[in-house]
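Work through these exercises with the structure open beside you. Each task is followed by a solution in steps.

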Amino acid sequence: MKILVLAVNYNSNEKAKAYLTSWDKAAQVACIDTEVTVVVADNSEKYETMQGDWPSLCWMQVPTHANRGYLGAVSYVIQEKKFDLNVFDYCVICNVDLEVSQDFLTILEKKQYENTIGCIAPMIYSLGEHRNRNPKILSRPSAKKMRSFQLMYEFPVIYQLNKVKNHFRNKREHVYKEQLQIYAPHGSFMIFTRPVASFLQSFQYPAFLFGEEIYFAENIRQMGLHVIYEPELKVTDHDHESTGKTRKRTFYNWNAQAMKFLTGEYFKNESDRKKNL
């Protein structure tokens with residue numbers, strides 16, 4: 001099994017080192033023919049070479065020479081290092097403020113997913129919220145729902161009210177213990193399968209940050225593929241190491257821009273159809 005991990009770092013070298021250590025521990029107990037390549041796309045304002053010993057990994061740190069955003073940094077390193085994604089069984093896109101469980105690779109090795117699966121959402125346990133972040137979105141939102149997301153970020157008071165509502169909802173949310181087909185994974189850690197490799201090879205997401213889940217969900221849907229939630233694969237989330245440093249106004253603007261793009265690109269025709277009925 002060959003797996004490529006594309007992890008984005010922004011001023012979080014210590015978290016990135018812990019992340020690499022978790023992959024190294026997982027690789028040590030994996031099958032001898034499992035190859036793990038971890039690429040840290042470094043968006044940091046002040047680039048510092050990371051020092052560490054991760055003998056079971058093939059790894060590299062790639063400076064992006066600017067803060068290119070989340071998927072912008074991923075696209076950059078794919079092109080800069082001329083990776084052929086088709087040679088990998090899995091490609092992971094993620095942040096660095098996470099850690100994979102030691103049995104992550106041994107479990108993944110045993111899985112035999114159908115070629116209709118385009119993306120796998122693992123269990124992501126949030127240490128800050130004390131809950132699982134997946135499944136992120138169970139079913140496809142309507143055009144009306146997408147417009148409401150945009151309004152929520154354009155008018156932050158709506159966002160704050162919704163945040164309070166979700167806080168109480170999350171406390172009583174259903175816990176999914178079995179594999180499940182869903183609409184979208186949580187964007188902090190997404191596992192893509194080989195059928196999606198050609199798309200990932202040259203994708204360009206225009207938003208700086210946020211909305212990645214819907215962007216990938218829509219493109220996977222257009223390919224006739226599916227997203228599944230896989231609770232046996234476990235990841236621990238240290239919570240918003242990079243986004244937590246973002247100013248509130250910037251946070252709202254980035255989200256609103258992402259929702260505007262996604263709604264116009266993937267939900268506009270649906271909205272127009274309903275107006276004509």
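**Exercise 1. Are Phe203 and Phe216 buried or exposed?**

Solution. Start with the cut-offs: buried means under 20% relative accessible area, exposed over 50%, and partly exposed in between, with a 1.4 Å probe and protein chains only. Phe203 is buried. Phe216 is buried as well. Before going on, note that this is a predicted model, where local features need pLDDT of at least 70, side-chain atom pairs count only at pLDDT 80 or more, and totals for chains, interfaces and linings use all residues. Residues are numbered from 1 along each chain as its sequence is written, and side-chain values use heavy atoms, leaving out hydrogens and water.

**Exercise 2. Classify the ring pairs that Phe203 makes with Tyr215 and Phe216.**

Solution. Step one is the rule. Rings of Phe, Tyr and Trp (its six-membered ring) pair if their centres lie within 6.5 Å; planes under 30 degrees apart are stacked, over 60 edge-to-face, and the rest tilted. The count by this rule is 20 aromatic pairs.

Step two takes Phe203 and Tyr215. Their ring centres are 6.3 Å apart and their planes stand at 45 degrees, so this pair is tilted. Phe203 sits in the loop between α6 (197-202) and α7 (212-222), while Tyr215 belongs to helix α7, so the pair ties together parts 12 residues apart in sequence. Helices (H or I, at least four residues) and strands (E, at least two) are DSSP runs, numbered from the N terminus. Phe203 and Tyr215 are both buried.

Step three takes Phe203 and Phe216. Here the centres are 5.6 Å apart and the planes are at 65 degrees, so the pair is edge-to-face. It links the loop between α6 and α7, home of Phe203, to Phe216 in helix α7, 13 residues apart.

Step four widens the view. Ring pairs join Phe203, Tyr215 and Phe216 into a cluster with Phe192, Phe199, Tyr205, Phe261 and Tyr266.

**Exercise 3. Which residue lies over the face of Phe88?**

Solution. Apply the test: NZ of Lys or CZ of Arg must be within 6 Å of the ring centre and within 35 degrees of the ring normal. Lys2 lies over the face of Phe88, at 5.4 Å from the ring centre.

**Exercise 4. Find strands that pair with β10, and give the sense of each pairing.**

Solution. Two strands pair if DSSP finds at least two bridges between them. Take β10 (residues 226-237) and go through its partners in turn.

- Strand β5 (residues 98-100) pairs with β10 in the antiparallel sense, over 3 bridges. Leu98 stands opposite Asp237.
- Strand β6 (residues 117-126) runs parallel to β10, joined by 9 bridges. Cys119 has Val227 as its bridge partner.
- Strand β8 (residues 180-182) is antiparallel to β10, with 3 bridges. Leu180 is bridged to Tyr229.

**Exercise 5. Describe the surroundings of Asn13 and Asn255.**

Solution. Place each residue. Asn13 is in helix α1 (residues 13-28), and Asn255 is in helix α8 (residues 248-276). Next, check burial. Asn13 has 16% relative accessibility, so it counts as buried. Asn255 has 4%, so it counts as buried too.

Now look for polar contacts (N or O atoms within 3.5 Å; within protein, one must be able to donate a hydrogen and the other to accept it, and residues adjacent in sequence count only if both atoms are side-chain atoms). The Asn13 side chain makes one with the side chain of Asn9, at 2.9 Å. The Asn255 side chain reaches the backbone oxygen of Phe251 at 3.1 Å.

Last, list contacts (heavy atoms within 4.5 Å). Not counting residues up to four places away in sequence, Asn13 touches Asp42, Ser44, Glu48, Met50 and Gln61. On that basis Asn255 touches Tyr153 and Phe210.

**Exercise 6. Where are Pro55 and Gly211 found, and is each buried or exposed?**

Solution. Pro55 is in the loop between β2 (35-42) and β3 (58-63). Its relative accessibility is 60%, so Pro55 counts as exposed. Gly211 is in the loop between α6 and α7. Gly211 is buried, at 7% relative accessible area. Leaving aside neighbours within four places in sequence, Gly211 contacts Tyr205, Ala258, Met259 and Leu262.
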